[in-house]
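Colleague: I have a few minutes before class. Can we go through this one together?
Modeller: Sure, put it on the screen and ask away.

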Amino acid sequence: VQLVESGGGLVQPGGSLRVSCAASGFTLDYYAIAWFRRAPGKEREGVSCLSSSDSYYSDSVKGRFTIYRDNAKNTVYLQMNSLKPEDTAVYYCATRLLRCGTVAVGFFGSWGQGTQVTVSS
């Protein structure tokens with residue numbers, strides 16, 4: 001089981017960015033994929049999650065971020081719009097069996113290496 005993030009970068013406030021999480025060694029049909037982020041000096045927090053039966057967005061990103069998947073590519077995407085400086089963080093994806101449920105660090109595994117997203121003018 002392996003997850004690889006990509007797509008991070010530098011974007012101006014109000015801009016958009018899409019990050020990707022490519023999965024290998026398992027099929028997304030039976031797993032939930034979550035996006036977490038860790039901002040400088042802060043704890044890692046759950047941002048969004050998607051499974052075949054449920055989904056989740058944190059209050060801080062609801063209405064601005066969209067999570068979706070491409071089963072043919074076994075990849076989950078996080079489309080981030082109306083980005084704010086406080087969205088600056090390293091973004092990680094992780095997985096758990098079947099459902100998102102409680103989106104907290106301790107419930108997820110197989111973490112990717114992370115991708116840096118910086119929102120700054």
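Colleague: Let's start with S82. Is S82 buried, partly exposed or exposed?
Modeller: Keep in mind that this is a predicted model. S82 has a relative accessibility of 42%. Buried needs under 20% and exposed needs over 50%, so S82 counts as partly exposed.

Colleague: Where does S82 lie?
Modeller: S82 is in the loop between strand 8 and strand 9.

Colleague: What is the phi of S82?
Modeller: Phi of S82 is near 50°. That is a positive value, and S82 is not a glycine. Most residues other than glycine have a negative phi.

Colleague: What about L98?
Modeller: L98 also has a positive phi, near 70°. L98 lies in the loop between strand 9 and strand 10.

Colleague: New topic. How many residues of strand 4 are buried?
Modeller: Strand 4 covers residues 31-38, and 6 of its 8 residues are buried.

Colleague: Which way do strand 4 and strand 9 run, parallel or antiparallel?
Modeller: Antiparallel, with 8 bridges joining strand 4 to strand 9. Strand 9 spans residues 89-97. To find the pairing on screen, look for A34, which stands opposite A94 in strand 9.

Colleague: And how many bridges join strand 4 to strand 5?
Modeller: There are 5, and these two strands run antiparallel. Strand 5 is residues 45-50. R37 has E45 in strand 5 as its bridge partner.

Colleague: What do strand 4 and strand 5 form?
Modeller: A hairpin, with 6 residues between the two strands. G41 sits in the turn and has a positive phi of about 75°.

Colleague: Let's go to strand 10. Which of its side chains are buried?
Modeller: T115, V117 and V119 are buried, and they point to one face. Q116 and T118 point to the other face and are not buried. In a regular strand the side chains alternate between the two faces of the sheet.

Colleague: How does strand 10 pair with strand 2, parallel or antiparallel?
Modeller: Parallel, through 3 bridges. Strand 2 is residues 9-11. One partner to click on is L10, which bridges to T118 in strand 10.

Colleague: And strand 9 with strand 10?
Modeller: Those two pair in the antiparallel sense, over 3 bridges. A89 has V117 in strand 10 as its bridge partner.

Colleague: Now the inside. Which residues of the largest nonpolar core touch the most other members?
Modeller: I33, W35, F65, L78, M80 and Y91, out of 25 residues in that core. Strands 3, 4, 5, 7, 8, 9 and 10 each supply at least two residues of this core. Strand 3 gives the largest share, 4 residues.

Colleague: Any other core?
Modeller: There is a second, separate core of 8 residues, and A32, F36, A94 and V103 are among them. In soluble globular proteins, nonpolar side chains tend to be buried together.

Colleague: Back to L78. What is L78 in contact with?
Modeller: Leaving aside neighbours within four places in sequence, the contacts of L78 include W35, V47, F65, I67 and Y91. R18 is another of the contacts of L78.

Colleague: Tell me about R18, then. Is R18 buried or partly exposed?
Modeller: Partly exposed, because its relative accessible area is 40%. R18 is found in strand 3. Beyond four places in sequence, R18 touches S6, G7, Y68, Y77, L78 and Q79. R18 and G7 are 11 residues apart in sequence, yet their C-alpha atoms are 6.1 Å apart.

Colleague: Where is S6?
Modeller: S6 is in strand 1, residues 2-6. S6 is partly exposed, with a relative accessible area of 39%. Outside its neighbours within four places, S6 is in contact with R18, V19, S20 and T115. S6 and G112 are 106 residues apart in sequence, with 9.8 Å from C-alpha to C-alpha.

Colleague: Last one. What is the volume of the largest pocket?
Modeller: About 160 Å³. Its lining has 8 charged, 2 polar and 2 nonpolar residues.

Colleague: Which residues line the largest pocket?
Modeller: The lining includes R37, E45 and A89. You met R37 and E45 as bridge partners. K42, E43, R64, K84, E86 and D87 are also among the lining residues.

Definitions and conventions. Residues numbered from 1 in each chain as written. Predicted model: local features only at pLDDT ≥ 70, side-chain atom pairs only at ≥ 80, totals over all residues. Heavy atoms only, no water. Buried < 20%, exposed > 50% of the residue type's maximum accessible area, 1.4 Å probe, protein only. Pairing = 2+ DSSP bridges. Contact = heavy atoms within 4.5 Å. 1 Å grid on protein atoms, 1.4 Å probe; cavity = no way out; pocket = protein on both sides within 12 Å on 5 of 7 lines; lining within 4 Å. Points joined across faces, edges and corners; volume = space filled by probe spheres on them. Nonpolar A, V, L, I, M, F, W, Y, C, P; charged D, E, K, R; others polar. Core = buried A, V, L, I, M, F, W, Y, C linked by side-chain atoms within 4.5 Å.
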